[in-house]
Amino acid sequence: MTTATLPTVHGAVLQTALSGLTVTPKSLPPWLFYDERGSELFEQITALPEYSLTRTERALFTAHADEIFAALQSPVTIVELGAGTATKTGVLLHAAAARQGDLLYQPIDVSASALEAADASLAGIHGLRIQPHVANYITDPYVITRQQDTKILALYIGSSIGNFAPAEASAILRTLREHLLPGDALLLGVDLAPGPQKSVATLLAAYDDAAGVTAAFNKNILTRLNRELDAGFNLDAFAHRARWNAAESRMEMHLESLTAQTVQLADRRIAFAAGETIHTENSYKFSTDSLSALLAGAGFSTTHTFHDSAQTFAVTLATAV
Ligand code: AVI
């Protein structure tokens with residue numbers, strides 16, 4: 001089968017895989033992780049002892065929700081980019097709904113099934129109305145409904161922004177800013193760079209856990225190519241690698257070819273040298289300064305920053321200027 005005759009549903013995955021694997025260095029984009037199995041594995045990652053991001057962010061929401069909504073000084077309509085199943089968002093939605101009685105929540109996500117799960121899990125929150133929007137907030141236009149006498153609070157949490165290169169991250173925030181009016185707000189959750197209380201070893205363990213869940217998550221990208229494209233990856237011939245790139249302030253995930261090998265992919269044979277890697281993910285880690293600069297460049301001004309005592313994760317409230 002040639003590229004031109006492939007059904008559309010496989011077209012995007014095939015085009016992406018071919019364009020990433022026929023150049024040097026090889027790479028695959030992280031969105032390929034999130035098929036059904038990959039999404040399940042990511043949920044497992046968020047509960048791992050080594051991966052504290054999700055727990056720390058939830059604890060920050062629990063501790064500071066009231067302060068966040070008090071600082072906004074107005075009822076809000078909440079929008080969430082990449083909401084997924086919205087598991088952590090419930091803490092914020094509970095607090096806002098209790099405060100203002102009636103709350104409109106507009107989760108935006110590429111996965112309709114994740115939004116259905118969000119709808120089911122949030123159904124018990126009194127006064128909450130959910131208006132889901134299935135869209136890829138990076139590539140698709142999206143709409144935000146503005147209610148009278150409320151300001152918009154946009155949520156972009158879970159350090160999702162860290163999976164984008166600085167220019168892409170900035171473009172995502174600028175697009176969001178175009179939907180907002182001065183005085184609207186953004187709550188951004190990001191993982192912080194190593195510092196006095198956060199070692200590189202801690203970070204490496206978070207992306208290479210003892211139970212091997214992150215390794216399975218990384219290798220699932222090859223399982224997906226085997227299943228969807230009939231590719232010929234031997235999973236045992238690749239190893240999960242997690243690396244800290246200090247110059248770029250990012251964790252990187254790679255899949256390293258353990259031998260010299262060739263792999264069939266559609267009508268191509270892809271050659272790997274022993275030790276060559278497929279770069280599958282960047283996870284940028286921020287400092288207070290890099291975060292403020294990113295926000296300022298997109299038209300936001302930081303008003304509050306909340307972090308845990310060990311300064312591993314930050315939740316930043318910023319105003320659209
Ligand atoms: C979704 N994203 C913020 C996660 C991260 O930490 O970059 C994805 C992940 N990759 C490996 N573990 C978790």
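This briefing walks through the ligand site, one loop contact, one helix and a few backbone details.

Welcome to a predicted model, in which local features need pLDDT of at least 70, side-chain atom pairs count only at pLDDT 80 or more, and totals for chains, interfaces and linings use all residues. Residues are numbered from 1 along each chain as its sequence is written, and side-chain values use heavy atoms, with hydrogens and water left out. Helices (H or I, at least four residues) and strands (E, at least two) are DSSP runs numbered from the N terminus.

**Around the ligand**

- The residues around the ligand (those with a heavy atom within 4 Å of it) include Tyr34, Phe42, Tyr51, Asn163, Phe217, Glu281 and Ser283.
- By class, this shell has 7 nonpolar, 4 polar and 1 charged residues; Ala, Val, Leu, Ile, Met, Phe, Trp, Tyr, Cys and Pro count as nonpolar, Asp, Glu, Lys and Arg as charged, and the others, Gly among them, as polar.
- Helix 2 (36-46) and strand 12 (277-284) each supply at least two residues of the shell.
- Nitrogen atoms of the ligand lie 2.9 Å from a polar side-chain atom of Asn163 and 2.8 Å from a side-chain N or O atom of Glu281.
- An oxygen atom of the ligand is 2.7 Å from a polar side-chain atom of Ser283.
- On its own the ligand has 340 Å² of accessible area, and the protein covers 96% of it (Shrake-Rupley method, 1.4 Å probe).

**A loop contact**

- Gln147 sits in the loop between strand 5 (133-134) and strand 6 (151-156).
- Beyond its neighbours within four places in sequence, Gln147 is in contact (heavy atoms within 4.5 Å) with Thr77, Asp102, Leu104 and Arg129.

**Helix 4**

- Helix 4 (residues 89-100) has 12 residues and should span 16 Å, taking 1.5 Å times one less than its number of residues; its end C-alpha atoms are 17 Å apart, which agrees.
- Its buried residues (under 20% relative accessible area; exposed is over 50%, partly exposed in between, with a 1.4 Å probe and protein chains only) include Leu92, Leu93 and Ala96.
- Gly101, with a positive phi near 85 degrees, follows helix 4.

**Backbone details**

- Most residues other than glycine have a negative phi, and most peptide bonds are trans.
- Thr24 and Pro25 are joined by a cis peptide bond, with omega about -5 degrees.
- Ala86 has a positive phi of about 60 degrees and is buried, at 2% relative accessible area.
- Ala266 has a positive phi of about 50 degrees and is partly exposed, at 28%.

Terms used: Polar contact = N/O pair within 3.5 Å; in protein donor to acceptor, adjacent residues only side chain to side chain.
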